[in-house]
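Trainee: Before I use the labels attached to this chain, I would like to understand how each of them is reached. Could you take me through them one at a time?

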Amino acid sequence: DTDPIGEEQYAADWDAVCEFADTVPTTLAGLRAMILYAAECQEHDLDAFTDHDCPLIKNLATAATALIGGQS
């Protein structure tokens, strides 16, 4: 159950967090920026990316693999 108080007030923020998590960076600079911003978001809200369907980590891993040519 979600708390309806403030739900409307923060809807745009949550939409932005979801869009951010859906993003796959295409440059090393973009990957670095996303990692730093994700860490900043987590400092302000520990639950920002805890949804089980949140693709952030998968997308960052996909980007990292693509940017280093699939090397491990």
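**How the labels are reached**

Mentor: Helices α2 and α3 are roughly antiparallel to each other, a label given to angles over 145 degrees, whereas angles under 35 count as roughly parallel, 65 to 115 as roughly perpendicular and the rest as oblique. This is a predicted model, in which local features need pLDDT of at least 70 and side-chain atom pairs count only at pLDDT 80 or more, while totals for chains, interfaces and linings use all residues. Residues are numbered from 1 along each chain as its sequence is written, and side-chain values use heavy atoms, with hydrogens and water left out.

Trainee: What makes α2 and α3 roughly antiparallel?

Mentor: Helix α2 (residues 28-44) and helix α3 (residues 56-67) pack at an angle of about 155°, with their axes 10 Å apart. The axes are lines fitted to C-alpha atoms over the stretch in contact, and angles run from 0 to 180 degrees between N-to-C directions. The angle of about 155° is therefore set against the limit of over 145 for roughly antiparallel.

Trainee: Which residues make the contact between α2 and α3?

Mentor: From α2 come Leu28, Leu31, Met34, Ile35 and Ala38, and from α3 come Leu56, Leu60, Ala63, Ala64 and Leu67, where contact means heavy atoms within 4.5 Å. By class, this contact has ten nonpolar, no polar and no charged residues; Ala, Val, Leu, Ile, Met, Phe, Trp, Tyr, Cys and Pro count as nonpolar, Asp, Glu, Lys and Arg as charged, and the others, Gly among them, as polar.

Trainee: Why is Leu60 called buried?

Mentor: Buried means under 20% relative accessible area, exposed over 50%, and partly exposed in between, with a 1.4 Å probe and protein chains only. Leu60 has a relative accessible area of 11%, so Leu60 is buried. Leu60 is found in helix α3 and touches Pro25, Leu31, Met34 and Ile35, not counting residues up to four places away in sequence.

Trainee: Are Asn59 and Gln42 buried or partly exposed?

Mentor: Asn59 has 12% relative accessibility and therefore counts as buried, whereas Gln42, at 30%, counts as partly exposed. Asn59 has its place in helix α3 and touches Ala21, Asp22, Thr23, Val24 and Pro25, leaving aside residues up to four places away in sequence. Gln42 lies in helix α2, and, with that exclusion, touches Asp47, Ala48 and Phe49.

Trainee: How do you know that Cys18 is in no disulfide?

Mentor: A disulfide is taken to be a pair of cysteine sulfur atoms within 2.5 Å, and by this rule the count comes to zero disulfides. For Cys18, the nearest cysteine sulfur, that of Cys54, is 7.2 Å away. Cys18 is partly exposed because its relative accessible area is 44%, while Cys41, at 13%, counts as buried.

Trainee: How many helices and strands are there in the chain?

Mentor: There are three helices and zero strands, and the pattern along the sequence is α-α-α. Helices (H or I, at least four residues) and strands (E, at least two) are DSSP runs, numbered from the N terminus. Of the 72 residues of the chain, 19% count as buried.
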